[in-house]
Amino acid sequence: MISIRVVFPFIFALQIFVAVGLTGAIAYVSHMREAQDTAEEILELIGNTIDDQLYRFLSLPIDMTQFYADGLRSQPDLPLGDLLEPRLVKRLSNCVWTQARMTRWANLSIANPAGQNLRFDRREYGKKVVKVSDIRRGGAVEWRLLENYGKGGAPLEVQEVAYDPRAEAYYQDALAKGGLVISPIHFSPVLQGSAPVVTVAEPVYAADGRPRAVVSSDIYLAGISRYLQNLHLPNSSIAFLLDAEGHLIAASRGSASTPGRLLLAAESTDSVIRSTAGYIGERFGFLEVPDAESFKYVRGDQHNYVYTDHLLTDRQFAGLGLDWRLAVVIAESDLIENLITGIHSAAWLSLGLLVLAIAVGLWTGAWMIRPILTLGKVAAALEKDELDARHLDIRQLERDARRRNEFGELARIFLRMVQEVRARHDLLEAQLEQLRVNIDETGTQAKIKQITDSEFFAELKSNARRIRDERKRAAEPPVRAFVEHEP
């Protein structure tokens with residue numbers, strides 16, 4: 001038989017364990033799900049923010065090119081036959097509305113059919129610089145401060161190249177299309193180190209349909225990388241751009257190119273870029289997903305969240321050929337580390353509370369069955385006639401009888417029953433004692449009667465009577481003699 005003192009507390013504690021444990025498990029799973037949803041929302045927010053910033057970065061050269069081309073169209077009488085004429089350069093620079101907003105990563109170029117090229121640039125010097133070249137004079141690129149242009153003096157720098165803008169692909173594509181174009185990635189000979197760029201170009205025509213100039217602006221891939229590297233992303237996270245062939249355009253860490261060549265993402269020295277690009281290429285294809293997509297993948301022991309989307313998907317940029325994809329990779333531990341830490345702390349706290357609840361349950365179960373056990377002990381002692389007023393269990397029963405609950409009522413009833421049983425037991429003992437006395441007296445009388453009824457007793461009684469009579473007669477004669485001699 002299994003004792004109730006074991007079964008009842010165990011069942012009580014088990015119920016508490018199931019209730020609290022199930023509640024804690026549901027809460028843990030729910031919080032983890034909320035944390036994952038929060039992680040996806042945070043990731044999308046970060047991805048959208050980077051996307052918006054890149055949109056401004058990429059759309060600025062497009063806006064500059066379109067606005068300035070429209071400005072040249074609005075001045076059909078402006079002579080562009082000699083772009084390097086100082087007064088024309090001053091006039092063109094003064095009407096360049098972007099000069100106040102032109103950053104170190106922005107430039108604007110004007111090329112004419114004569115092979116001259118005029119570029120406003122402040123990338124290398126941080127000031128307003130013009131780069132001028134004329135293929136008819138050999139095509140060398142001279143760098144001069146805009147404020148001193150036309151005043152003579154030596155140029156800041158001379159780049160000895162035979163630069164002919166008419167031979168550039170963007171120039172030819174703009175004239176062929178007759179409108180705004182965005183070139184593929186190329187290495188510009190006008191830039192130091194032949195940096196990779198994408199050129200936005202738009203032609204300007206005369207009234208007779210002959211081209212007057214081609215306005216262009218470069219998008220520096222190094223500038224995009226610099227922007228991504230300035231993002232305050234967690235250490236194990238990264239943002240990068242890919243093209244349709246899987247080339248690495250820019251990244252928040254590491255290099256995306258070598259001299260004269262773009263690297264494939266699969267060739268990157270960064271393991272996160274390699275694994276993420278491989279996962280995107282296998283799952284979607286680099287440019288197959290039309291809308292923003294968020295997903296999670298596992299690399300080794302690390303869980304990563306990825307946000308990926310196309311760049312410049314607006315209608316005004318549709319068909320321009322800039323097929324790039326943004327990917328933002330953030331490790332789960334970095335993205336929701338605080339949330340997971342809080343959940344784990346809550347889980348440990350819940351576990352501690354669960355242990356405490358089980359201990360309280362065991363104590364409560366023991367407290368609840370103790371009056372029942374006391375009743376059992378009192379009943380066993382009463383059965384063995386070992387119960388008296390000094391018995392420990394009867395004292396505990398008297399304490400239980402002072403409770404103001406059902407256990408107290410039961411103890412009071414049982415205590416009265418014990419008192420009644422003890423009173424009846426005492427009465428029975430007294431009656432038995434009296435019965436014993438009565439039985440002893442009756443036996444004595446029977447034995448006496450048996451003796452008096454015996455022949456021996458009768459003979460003894462007769463002898464005793466005879467002896468008394470003899471003694472009586474022996475005493476009587478002297479009395480008579482005295483009486484007879486009296487006168």
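A residue counts as partly exposed when its relative accessible area falls between the buried range, under 20%, and the exposed range, over 50%. In this predicted model, R73 fits that description, because its relative accessible area is 34%. D70 is partly exposed too, as its relative accessibility comes to 44%. The side chains of D70 and R73 pair up in a salt bridge, at 2.6 Å from N to O. Both sit in helix α1, three residues apart, so about one helical turn separates them.

R73 also has a salt bridge to E202, with 2.7 Å from N to O. That pair ties together helix α1, home of R73, and strand β8, home of E202, parts that are 129 residues apart in sequence. E202 itself is buried, at 10% relative accessible area. D70, R73 and E202 thus make up a linked network of salt bridges. Across the whole structure, the search turns up 10 salt bridges. Another one joins D134 and R136, whose closest N and O atoms are 3.3 Å apart; here D134 is buried at 5%, while R136 is exposed at 56%.

Turning to the nonpolar interior, the largest core holds 27 residues, and the members touching the most others are I50, L54, I224, L241, W324 and V328. Helix α1 turns up again here, giving the most to this core with five residues. Beyond its neighbours within four places in sequence, I224 contacts L54, F57, L58, I219, L241, A250 and W324. A second, separate core has 23 residues, among them L80, L83, L84 and A213.

Finally, helix α9 runs over residues 406–452 and spans 69 Å between its first and last C-alpha. Its buried residues are G408, A411, F414, L415 and V418.

Notes:
Residues numbered from 1 in each chain as written. Predicted model: local features only at pLDDT ≥ 70, side-chain atom pairs only at ≥ 80, totals over all residues. Heavy atoms only, no water. Helix = DSSP H or I, 4+ residues; strand = E, 2+ residues; numbered from the N terminus. Expected span 1.5 Å × (residues − 1). Buried < 20%, exposed > 50% of the residue type's maximum accessible area, 1.4 Å probe, protein only. Core = buried A, V, L, I, M, F, W, Y, C linked by side-chain atoms within 4.5 Å. Contact = heavy atoms within 4.5 Å. Salt bridge = Lys/Arg side-chain N within 4 Å of Asp/Glu carboxyl O.
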